[in-house]
Amino acid sequence: MEVQKYLVKLENSELEAIQISNLFCEALISLHGAQVLKFHSKKCNKDLLWLSDLAKFETGKAIRGGIPLCFPWFGGHPTDANLPAHGFARNSLWQLKDITEDTAGHHVLIELTDTAATRQLWNYAFKLQMLIHCGEELKLEFKLQNLDQHAFEFTFAWHSYFPVVTQHASVLGLQDTHYIDQLDENKVKTQTSQGIEFTAETDRVYPKTSGKFIIQQNGENHIQIQSTAKSAVVWNPWIKKAERLADVANDAWQEFICVETGQIASEKVSLDAGETVQYQLSIATA
Ligand code: TA6
């Protein structure tokens with residue numbers, strides 16, 4: 001595996017990333033967090049991911065944009081508020097294991113295994129692999145092995161940021177599902193409308209969904225999302241929360257929405273010792 005030619009340094013940072021360019025796409029993948037930061041589809045000359053202009057590339061800190069991985073818990077830790085929001089995977093340095101190229105594009109394998117640092121936060125032995133396919137579509141595979149003597153439970157999400165004009169965007173595919181409104185005392189509500197439009201801060205966890213969604217822009221199909229994971233989250237910070245986020249420009253709330261997919265809330269996963277579980281996500285122009 002000859003990988004040096006793909007490695008670049010992130011802007012104003014010592015952190016390394018993998019730069020991919022092929023017939024189908026340009027992509028940038030940070031080894032910190034195994035995070036796809038950029039994906040440009042050449043077929044329709046479109047960026048499929050949003051990355052904040054104020055994103056910081058610092059060890060141990062989450063990068064704002066692209067596809068951060070929330071693992072082994074989504075949101076705040078269920079019992080200890082001192083632990084990092086969304087777990088430690090997105091704040092950890094992963095190991096590059098392989099980069100292959102074929103007629104379908106490039107395939108990048110990155111791995112995270114337990115360390116003394118992760119065991120301080122979550123005391124289990126595991127191997128987590130992310131296989132990232134950069135071709136006509138962007139495909140991610142999450143493969144988790146329980147290497148511990150004990151079963152463990154986890155929640156996770158690909159916390160994907162998509163470029164839109166927020167006030168003219170809508171999300172299709174969640175009609176008639178239930179969601180937890182994280183901005184209204186976690187009340188459980190029903191998604192009655194066909195599309196989700198954005199007129200204020202929006203932060204909804206949908207535990208059980210089809211895993212198939214379309215982001216529309218001005219009523220036209222823009223990006224399609226398909227996941228084998230059951231849960232979804234729809235988030236936009238809107239004006240006030242964006243002002244409180246140091247790595248989001250004050251007016252940048254209108255540049256993106258998050259449509260996240262994973263296993264969250266009632267859909268948390270229990271994995272027996274020695275067992276393996278996999279999930280897939282694909283993102284493409286609609
Ligand atoms: O996307 C849902 C969410 O849990 C929101 O509540 C908001 O906190 C967002 O994630 C971003 O979290 P972060 O820790 O990346 O700032």
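The following exchange concerns a predicted model and the reasons behind some of the terms applied to it.

Me: Why is His32 called buried?

Reply: Buried means under 20% relative accessible area. His32 has a relative accessibility of 1%, so His32 counts as buried. This residue is found in the loop between β3 (25-30) and β4 (35-41).

Me: What makes the approach of the His32 side chain to the backbone nitrogen of Gly60 a polar contact?

Reply: A polar contact requires a pair of N or O atoms within 3.5 Å, one able to donate a hydrogen and the other to accept it. The backbone nitrogen of Gly60 lies 3.0 Å from a polar atom of the His32 side chain, and this distance is therefore within the cut-off. The side chain of His32 also reaches the backbone oxygen of Asn91, at 3.4 Å, which is likewise within 3.5 Å.

Me: Which residues is His32 in contact with, leaving aside its neighbours within four places in sequence?

Reply: Among them are Leu15, Glu16, Glu58, Thr59, Lys61, Ile63 and Arg90. Gly60 and Asn91 also belong to this set.

Me: How do you know that Gln35 is buried?

Reply: The cut-off for buried is under 20% relative accessible area. The value for Gln35 is 0%, so Gln35 counts as buried. Gln35 is found in strand β4, and its side chain reaches the backbone oxygen of Gly65 at 2.7 Å. That distance is within the 3.5 Å set for a polar contact. Not counting residues up to four places away in sequence, Gln35 touches residues including Leu28, Ile29, Ile63, Ile67, Pro68 and Arg90.

Me: Why is the aromatic pair of Trp235 and Phe256 called tilted?

Reply: A pair of aromatic rings is described by the distance of the centres and the angle of the planes. The centres of Trp235 and Phe256 are 6.1 Å apart, and rings pair if their centres lie within 6.5 Å. Planes under 30 degrees apart count as stacked and those over 60 as edge-to-face. The angle here is 55°, which is neither, and the pair is therefore tilted.

Me: What makes this a link between distant parts of the chain?

Reply: Trp235 lies in strand β21 (residues 231-236) and Phe256 in strand β22 (residues 256-263), 21 residues apart. With Trp235 at 7% relative accessibility and Phe256 at 0%, each is under 20% and so counts as buried.

Me: Why is the pair of Trp238 and Trp253 also called tilted?

Reply: The centres of Trp238 and Trp253 are 4.3 Å apart, with 50° between the planes. The distance is within 6.5 Å and the angle is neither under 30 nor over 60 degrees, so the pair is tilted. Trp238 lies in helix α2 (residues 238-244) and Trp253 in the loop between α2 and β22, so the pair ties together parts 15 residues apart in sequence. Trp238 is at 16% and Trp253 at 9%, so each is buried.

Me: How many aromatic pairs does the structure hold?

Reply: There are 27 aromatic pairs. Ring pairs also link a cluster that includes Phe71, Trp73, Phe88, Trp122, Tyr124 and Tyr279.

Me: What makes Arg64 a lining residue of the largest pocket?

Reply: A lining residue has an atom within 4 Å of a point of the pocket. The largest pocket holds about 550 Å³ of space. Arg64 is one of the 25 residues that line this pocket, and is among the closest to its centre, with Ala85, His86, Arg90 and Leu245. By class, the lining has ten nonpolar, seven polar and eight charged residues.

Terms used:
Residues are numbered from 1 along each chain as its sequence is written. This is a predicted model: local features need pLDDT of at least 70, side-chain atom pairs count only at pLDDT 80 or more; totals for chains, interfaces and linings use all residues. Side-chain values use heavy atoms; hydrogens and water are left out. On a 1 Å grid over the protein atoms alone, a cavity is a set of points where a 1.4 Å probe fits but cannot get out, and a pocket is an open set with protein on both sides within 12 Å along at least five of seven lines; lining residues have an atom within 4 Å of a point. Grid points are joined across faces, edges and corners, and a volume is the space filled by probe spheres set on the points. Ala, Val, Leu, Ile, Met, Phe, Trp, Tyr, Cys and Pro count as nonpolar, Asp, Glu, Lys and Arg as charged, and the others, Gly among them, as polar. Rings of Phe, Tyr and Trp (its six-membered ring) pair if their centres lie within 6.5 Å; planes under 30 degrees apart count as stacked, over 60 as edge-to-face and the rest as tilted. Helices (H or I, at least four residues) and strands (E, at least two) are DSSP runs, numbered from the N terminus. Buried means under 20% relative accessible area, exposed over 50%, partly exposed in between (1.4 Å probe, protein chains only). Contact means heavy atoms within 4.5 Å.
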